[in-house]
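Visitor: Could you take me closely through one part of this model, a pair of packed helices, and then set that part in its surroundings? I would like each term to come with its cut-offs.

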Amino acid sequence: MTFASERSASEGAAGSQGGGQRRADAEAVVAASGLPDELGALVLGVVRGCRLWKGERAEVARELCAHFRDGLESGVAAAELAGAFGDPAVAAKLISATRRKLRPRWWRALRAMVRSAAVCLLVCICVYAVLALRFYVGSPNVARNIIEEMNAAALAAPRDQRAWPLYLEAKRRFGVLPEFMLEPEFAAPTSPDDRYWDRMAAWLDANTEALAAVRLAASKPVMGYRYSDTIDPELVRVNRQTMPGAGSVGIEPESENPMLLGVLLPHLGELRRLTWYLQSDIALAARRGDGGRYVADVRAVLGMAGHLLDERFLISNLVGIAIADVAFRSVTETAATAGLLDDAELRELAHAVGGFAGGRIRLDVSGELLNVDDMLQRFFSDDGRGGGHYVGGPELDRMYDDWGVARPRGEALLKAYRPIQSVMIASRREIREQAERFIAAAAVDDALPPWRHDERSSDDAYRALEATGIYSVMPIVEYLRGRSAESPVIEAAAARDLVETRRAAALTALAAEAYRRDHGAWPASLSHLVPAYLPRVPLDPFDGAPLRYIGPGADGTPPRLYSVGVDQVDEGGAPPEDASRPMDVYNFEFFKMDAKAEVAAGGSAAGGASPRVPRGDWVLWPL
């Protein structure tokens with residue numbers, strides 16, 4: 001076949017095949033060149049081996065045809081020209097490289113970018129393969145059963161010294177709660193003006209044995225609750241007897257070594273409910289002038305609070321603080337009721353309030369270190385020397401099903417990301433060391449009085465612990481822990497400082513009442529109470545000065561004990577004009593933030609306080 005006839009056949013196929021059109025262009029050039037078949041085939045072979053654009057291939061064909069025509073015209077035979085040309089494939093590569101260098105600059109830049117991207121992709125694939133191998137080859141080593149260790153300490157006391165069995169017995173004796181106590185708006189009544197007062201008083205009178213069981217339980221030295229990832233079987237049995245509809249709840253088998261984060265603490269809710277009953281009973285005893293019952297109830301509330309403060313879970317400590325607050329508020333409100341307490345009962349109550357928790361509630365956040373240790377042993381490898389890296393683990397996937405939490409969107413992508421995450425998270429040793437620094441900083445902070453809150457450093461130490469990535473290894477952990485920007489000890493310290501201020505108010509009220517009994521009048525100054533009635537004058541939590549006190553008025557106005565509040569401006573005991581703002585809670589919720597700088601900038605009496613700083617004093621007594 002001649003090159004002319006080959007071109008005709010190629011053009012016939014061009015309409016149905018794009019690749020044929022490219023061949024027809026180069027072949028047309030060769031056919032029109034009149035070269036011998038041997039040289040024409042050589043040119044087409046070279047052109048077809050070039051990875052070039054359509055126009056560039058035609059141009060190469062023209063140049064090669066011109067080259068061979070020049071040789072033929074100079075008298076060189078076709079076979080000799082073909083033999084001297086060399087390997088067509090090598091020629092095609094050289095021609096392609098040369099032609100590409102002549103292409104536009106934008107194309108060369110784009111080609112370089114594509115090549116770089118391809119190289120980067122290849123490198124990323126190789127790195128990911130190495131990281132995946134590192135991630136999946138490593139495995140956690142769950143060597144400690146931390147819950148078992150905690151239970152061993154909790155259950156070391158003899159059974160007759162444990163409170164939890166007696167709390168369950170009290171719950172059983174109370175029986176099925178009346179319908180009014182199950183209403184959504186029910187709150188423990190403390191005054192005859194409250195909606196449920198009469199029905200609550202009748203119910204309490206009918207359950208004196210159950211109340212006695214609560215008081216006995218609260219007097220025990222240890223809580224004795226056994227931690228587990230399932231509900232205490234005995235509590236399940238009691239609930240079946242006392243809660244309609246609870247019969248369908250079965251006793252579940254507990255895990256052999258469950259995560260510390262998955263421990264259930266139903267006893268917290270049970271003690272809160274028992275506290276509500278005692279809170280109403282305290283008010284009822286004060287109303288009836290039953291001092292013995294009153295003191296026994298207050299001591300029982302403090303006993304329950306003490307049980308929870310002894311636990312190593314911060315949430316237990318917070319509930320214990322809230323329960324202690326009930327006792328201190330109740331004493332402040334009612335202890336000075338005429339005819340309620342004789343002198344011996346007044347002294348007993350003062351000693352119980354003042355001696356609670358050793359005189360000052362202390363926060364031990366070392367339980368957070370246990371939680372970190374448990375996460376490290378379950379989700380990090382272990383080199384036996386305290387080191388290791390994040391490797392995930394089977395429990396990571398089981399938690400969503402076991403804990404009833406919705407799986408995150410894009411879970412497959414999260415799983416694919418874990419090998420990369422393992423190098424972004426600090427090592428096992430680094431996380432453990434940072435957790436220890438946080439615990440140490442929290443211990444230092446715990447000793448600081450509230451007016452020096454700006455010196456606390458545990459918040460920074462906690463953020464550094466979060467920055468290690470320990471809590472980001474599992475989205476479910478962040479969900480359960482919340483996304484507070486503050487360390488748990490900062491929030492707990494705010495609650496503790498508030499309750500300690502209320503304790504100081506209760507002790508001052510008791511001391512003032514004792515002084516009045518001895519002298520026939522209220523003290524003109526708090527200094528008159530020291531040292532016979534108080535070891536020292538309580539200090540204001542907001543400026544460290546003695547709490548402010550206004551003696552009784554000539555017209556019979558009772559004395560007033562107050563704090564200057566978060567604005568640190570003494571306004572003579574005048575409460576805020578906006579009665580809807582609870583000064584006690586709001587003060588500490590605000591003060592735990594760095595309000596000192598804001599107060600200093602605009603909170604003086606002359607300059608006017610910032611709109612965010614609540615104005616007015618916090619009246620502590622009388623409530």
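Guide: What follows begins with the helix pair, moves to two of its residues, and then turns to other local features and the chain as a whole.

This is a predicted model, in which local features need pLDDT of at least 70 and side-chain atom pairs count only at pLDDT 80 or more, while totals for chains, interfaces and linings use all residues. Residues are numbered from 1 along each chain as its sequence is written, and side-chain values use heavy atoms, with hydrogens and water left out.

The pair consists of helix α17, residues 366–379, and helix α20, residues 428–446, which pack at an angle of about 170 degrees with their axes 9 Å apart. Helices here are DSSP runs of H or I with at least four residues, strands are runs of E with at least two, and both are numbered from the N terminus. The axes are lines fitted to C-alpha atoms, for helices over the stretch in contact, and the angles run from 0 to 180 degrees between N-to-C directions. The angle therefore makes α17 roughly antiparallel to α20, a label for angles over 145 degrees, where under 35 counts as roughly parallel, 65 to 115 as roughly perpendicular and the rest as oblique. On the α17 side, the contact (heavy atoms within 4.5 Å) is made by S366, E368, L369, V372, D373, L376 and Q377, and on the α20 side by R428, I431, R432, A435, E436, F438 and I439. By class, the contact of α17 with α20 has seven nonpolar, two polar and five charged residues; Ala, Val, Leu, Ile, Met, Phe, Trp, Tyr, Cys and Pro count as nonpolar, Asp, Glu, Lys and Arg as charged, and the others, Gly among them, as polar.

Two residues of α17 deserve a separate look. S366 is buried, with a relative accessible area of 12%, where buried means under 20%, exposed over 50% and partly exposed in between, with a 1.4 Å probe and protein chains only. Leaving aside neighbours within four places in sequence, S366 is in contact with R312 and I439, and its side chain makes a polar contact with the side chain of R312 at 2.9 Å. A polar contact is a pair of N or O atoms within 3.5 Å; within protein, one must be able to donate a hydrogen and the other to accept it, and residues adjacent in sequence count only if both atoms are side-chain atoms. Q377, which also lies in helix α17, counts as buried at 3% relative accessibility. With neighbours within four places in sequence again left aside, Q377 is in contact with P140, N141, V142, A143, R144, I146 and R428.

In the loop between α16 (343–355) and α17 lies A357, which has a positive phi of about 55 degrees although it is not a glycine, and which counts as partly exposed at 35% relative accessibility.

Elsewhere, the peptide bond from V530 to P531 is cis, with omega near 0 degrees, and P531 lies in the loop between α23 (488–519) and β1 (548–550). The bond from W621 to P622 is cis, with omega near 0 degrees.

As for the whole, the protein chain has 25 helices and three strands, and 47% of its 623 residues count as buried.
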